[in-house]
Amino acid sequence: MSNKITEYKKILVVGGAGYIGSACVKVLFERGYKNIIVFDNLDKGRVDLVDSRAVFVQGDLRHKEDLNQLFSNHDFDCVIHFAALKAVGESEKFPQKYFENNVCGTANLLAVMDEHDVKQIIFSSTACVYAEKASGVYVESDPLSAPNVYGSTKIICENMIRDYNRTKNLNYTIFRYFNVAGDVGLNYIDPDAQNIFPIISEVIVGKRSKLEIYGDKYETRDGTCIRDYIHLKDLVSAHVLAVESVNSFEFNLGTEKGTTVRELVDSFVRLNGKFAFETVSARKGDMGVSLADSSLALDKLGWRAVEGLDTMIVDTMVVYNGK
Ligand SMILES: NC(=O)c1ccc[n+]([C@@H]2O[C@H](COP(=O)([O-])OP(=O)(O)OC[C@H]3O[C@@H](n4cnc5c(N)ncnc54)[C@H](O)[C@@H]3O)[C@@H](O)[C@H]2O)c1
């Protein structure tokens, strides 16, 4: 890869009005990129999160005519694709909705990119694509097997992207995110909190009565699940590096540091005071340990996570406390 920033590169950010996409757009402008178009159907995104320097186009990946119009009106050098539905529980109840949005949407995007000869994609995947293994530490070459429909949609999208790479020379970067938390100054409040950081934050500010900890009989140091939490700022900086990458890889994005749910709770208490929680039954399909080996991203992209857990907590609480 080259470290030179080609500031006039035209970048399409699909799903750029959501949590991670809007943060990425902000940081791309901060790093000197000038031509950024955001495409989002605003199903979950918010237009006020989109940097005012970006061109915003409202449209839906499931509607190919929206994409045809977008690609006819603009030339792109690179597409960063964040758009997906991501609620695991909902995906099990409504698989068709997830296949249509995540899989058909991505198939449409790849087809239109091909028709317009756009040769670079950066794609948001997830640690949920890995088949469970005893050590709980995942490398990119580990077998893929999704325990839920959401994970299946990501595996299918990854496969489609690899097929376009093989057949059409599409250059890709697939990022498998571990547990994302924190904020980059956009004050993002999750409207539909399903992850532990927003859930704890809602308990602390009185929007929710308590945190439920799912299971304490895992084979971990205190019986609760171990996860690899990564700051949004670090996650997004990997995408910025990938814009200038010319090789195709899958990369894990994590800190390689494990935190149990109890340790996370204790850190929130240390930094914000006591809040209510209780332990309930373990959830089906939750792995005991899920940790990234991110050495490939260091080797190939020169990327490593730098922010720690306390910064993720403090940055999240600034948002939820409304400061
Ligand atoms: N947030 C996480 O912890 C996490 C973890 C692993 C992977 N991911 C992946 O990262 C990506 C971004 O996640 P996020 O947390 O920012 O989610 P988000 O819901 O905040 O953002 C997704 C955006 O995509 C848009 N969108 C969805 N379907 C669309 C469609 N058919 N057409 C146009 N726009 C559409 C939504 O309106 C939203 O603005 C997703 O692909 C998600 O699966 C997220």
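Which residues does Glu-202 touch, not counting residues up to four places away in sequence? In this predicted model, Glu-202 touches Asp-190, Ala-193, Lys-207, Arg-208 and Tyr-320 once residues up to four places away in sequence are left out. Glu-202 is found in helix H6, and because its relative accessible area is 11%, under the 20% cut-off, this residue counts as buried.

**Helices H6 and H10**

Tyr-320, one of the residues that Glu-202 touches, also takes part in the contact between helix H6 and helix H10. The axes of H6, which covers residues 196–204, and H10, which covers residues 309–320, come within 10 Å and cross at roughly 50°. That angle is neither under 35 degrees nor in the range from 65 to 115, and therefore H6 is described as oblique to H10. The crossing of these two helices is right-handed. On the H6 side the contact is made by Phe-197, Pro-198, Ser-201, Glu-202 and Ile-204, which meet Leu-309, Met-312, Ile-313, Thr-316, Met-317 and Tyr-320 on the H10 side. Sorted by kind, the residues of this contact are 8 nonpolar, 2 polar and 1 charged.

**A buried residue in a loop**

Leu-49 lies in the loop between strand E2 (35–40) and strand E3 (55–58). Is this loop residue buried or exposed? Leu-49 counts as buried, because its relative accessibility is 3%. Its contacts, not counting residues up to four places away in sequence, are with Ala-17, Gly-18, Ser-22, Leu-186 and Tyr-188. Leu-49 and Lys-97, by comparison, are 48 residues apart in sequence and 25 Å apart in space, taken from C-alpha to C-alpha.

**Cysteines without a disulfide**

A search of the whole structure finds 0 disulfides. Why does Cys-157 not form a bond with the closest cysteine? The sulfur of Cys-157 is 9.3 Å from that of Cys-104, the closest cysteine sulfur, and this is too far for a bond, because a disulfide needs the two sulfur atoms to be within 2.5 Å. Cys-225 is likewise in no disulfide, and its nearest cysteine sulfur, that of Cys-128, is 12 Å away. The table sets out these two cysteines, both of which count as buried.

| Cysteine | Closest cysteine sulfur | Relative accessible area |
|---|---|---|
| Cys-157 | Cys-104, 9.3 Å | 1% |
| Cys-225 | Cys-128, 12 Å | 6% |

Notes:
Residues numbered from 1 in each chain as written. Predicted model: local features only at pLDDT ≥ 70, side-chain atom pairs only at ≥ 80, totals over all residues. Heavy atoms only, no water. Helix = DSSP H or I, 4+ residues; strand = E, 2+ residues; numbered from the N terminus. Buried < 20%, exposed > 50% of the residue type's maximum accessible area, 1.4 Å probe, protein only. Contact = heavy atoms within 4.5 Å. Axes fitted to C-alpha atoms, helices over the stretch in contact; angles between N-to-C directions. Parallel < 35°, antiparallel > 145°, perpendicular 65-115°, else oblique. Left-handed = near helix turned anticlockwise from the far one by under 90°. Nonpolar A, V, L, I, M, F, W, Y, C, P; charged D, E, K, R; others polar.
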